[in-house]
Amino acid sequence: MGTGDASSARPPVVLFGYDSSPFTTKVKLALRLKQIPYIFVVVPSMMPRPVLKDNFNVTYRKIPVLAIGREIYIDTSLILEALESQFPSAQGYGTLYPSSSASFRPLVRGFASYWTDRPLFRVTTGLIPSSVWRTHFGVDRSNLIGHKLDAEKLGRKVPQNLSGLDLQLSLLEPLLSDQQSKAWIFGGDVPSVADLALWYQLDWGEKISRGEGIGNLTGGGTNDGDGEGMGAVFNKDRYPGIIAWFERFKAYVAGLPSVETKIERDNAEGVTRVMQQLKQTLLLEEVPLLATPAGPHYDLDGRNGLVAGADVTIAPDDTGRDSPTVGTLVALTPEEAVITPQKTTEGTGPAVGEVRIHFPRTGFVIRPAGQAKL
């Protein structure tokens, strides 16, 4: 799928992330389910990330970042919607919203972005072995969060977080306990974004809680292993429906062709080649925006100082608030904000040429540049 004439004229799709990043995995799964060919450029798990700063003037701290040509997308809640919009099933691609769940799309989006990415993610991250927080990665994440991380305290909280995971699984089991009539969350004969979102969290949590991938996560600051795991609560005796579904989804994805071309971070020639591809991509005059039920609210946005041409800052509403992205507002809808980034401190623009950076409005705060925080 996704290999016909329509796809041959499309700009390259490039994903920037690292192997042990759960949210990078989330986007990888979406690309594979939709069968969208893409290039995966590996970046460090910690700042700085010169490939993003130099080529796009992106100073945003979190990962992943997705480029569709020179349209740059931030945060998985927007990235997945952009992929669904720009690579529709009508053109031969897979869908993240099969017909069985299409009518529940707002609920499915909320399940994927508000439930799995927030309360569930908080308990799975609480299972990371304490050795991780004693490395430079722990210092980096302390800076991101805004306070020092106490490795000993976090280690003692693992049983509490396992109880938190047990709560989450207890709430989720009824969605998947009837295997005869419901192979997937919200039904249907193919998985939806809800299945993708839950699976990537549980798969990552199961691995990272055992210490698998923590060497990659910390940039070699510690060795894999030395974790309790999730087996105390994540097992087939306690939650048979979830475990059966988990294995079913794993097999489904494994049965799909790979669509990834990987460029390792030390492959300078490969990275340069990808950037040249992006540089040669045309930036369309019309900004590609997600379709929304209602158009921009110009009056209300104007009262907030958010008008096209205004210099604005955009930052997450949770972690990374002290490292906002600054740029000129190009477009604003109820769900999406698009800017052209400011020049670097050296006075240079993006190396690939003009880019537009797309942010979701959910989970982010947009302010006119210079406006004090309320």
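Colleague: How many positive and how many negative side chains does the protein have, and how far apart do the centres of the two sets lie?
Modeller: There are 38 positive and 40 negative side chains, with 3 Å between the centres of the two sets. Lys and Arg count as positive, Asp and Glu as negative, while His and the chain ends are not counted. Each charge is placed at NZ of Lys, CZ of Arg, CG of Asp or CD of Glu.

Colleague: Happy with that. What are the ground rules here?
Modeller: This is a predicted model, where local features need pLDDT of at least 70 and side-chain atom pairs count only at pLDDT 80 or more, while totals for chains, interfaces and linings use all residues. Residues are numbered from 1 along each chain as its sequence is written, and side-chain values use heavy atoms, leaving out hydrogens and water.

Colleague: How many helices and strands make up the secondary structure of the protein?
Modeller: The count is 14 helices and 10 strands, taken as DSSP runs numbered from the N terminus (H or I over at least four residues for a helix, E over at least two for a strand).

Colleague: Why is the protein called as compact as a globular protein of that length?
Modeller: Its radius of gyration is 21 Å and the globule rule gives 21 Å for 374 residues, so the two values are close and the description holds. The radius is taken over C-alpha atoms, and the rule is 2.2 Å times the number of residues to the power 0.38. Along the principal axes, the C-alpha trace spans about 55 × 50 × 45 Å.

Colleague: What share of the contacts in the protein comes from residues 24 or more positions apart?
Modeller: Among contacts with a separation of 6 or more, such pairs account for 72%; contact means heavy atoms within 4.5 Å.

Colleague: And what does the protein expose?
Modeller: About 17,200 Å², of which carbon and sulfur atoms supply 52%. The areas come from the Shrake-Rupley method with a 1.4 Å probe, and for residues only the protein chains shown count as cover.

Colleague: How do you know that I79 counts as buried?
Modeller: Buried means under 20% relative accessible area, exposed means over 50%, and partly exposed lies in between (1.4 Å probe, protein chains only). I79 has 0% relative accessibility, so it counts as buried. By that criterion, 51% of the 374 residues are buried.

Colleague: Where is the place of I79, and which residues does I79 touch?
Modeller: I79 belongs to helix α4, residues 76–86. Not counting residues up to four places away in sequence, I79 touches V27, P64, L66, Y73 and I74. I79 and F359 are 280 residues apart along the chain, with 9.0 Å between their C-alpha atoms.

Colleague: What makes L284 exposed?
Modeller: L284 has a relative accessible area of 57%, so it passes the limit for exposed. L284 sits in the loop between α13 and α14. G295 is in that loop too, between α13 (268–279) and α14 (298–303), but at 45% G295 is partly exposed.

Colleague: Why is N267 called partly exposed?
Modeller: Its relative accessible area is 30%, so N267 falls in the in-between class. N267 is in the loop between β5 (260–263) and α13. The C-alpha atoms of N267 and V42 are 9.4 Å apart in space, with the two positions 225 residues apart in sequence.

Colleague: What is notable about the backbone at N57?
Modeller: N57 has a positive phi of about 60° although it is not a glycine. Most residues other than glycine have a negative phi, and most peptide bonds are trans. N57 is in the loop between α3 and β3 and, at 5% relative accessibility, counts as buried. F186, also not a glycine, has a positive phi of about 65°; F186 is partly exposed at 24% and lies in the loop between α9 (158–176) and α10 (193–210).

Colleague: Which residues does a cis peptide bond with omega of about 0° join?
Modeller: M47 and P48, with P48 in the loop between β2 (38–42) and α3 (50–56). Another cis peptide bond joins I63 and P64, with omega of about 10°. P64 is in the loop between α3 and β3 (65–68).

Colleague: Which residues does UniProt list for "domain: GST N-terminal"?
Modeller: The unreviewed entry lists residues 11–91, and UniProt annotations may be inferred rather than shown by experiment (positions follow the numbering used here, and feature names are shortened). In the model, that stretch is 38% helix and 22% strand, with its end C-alpha atoms 15 Å apart.
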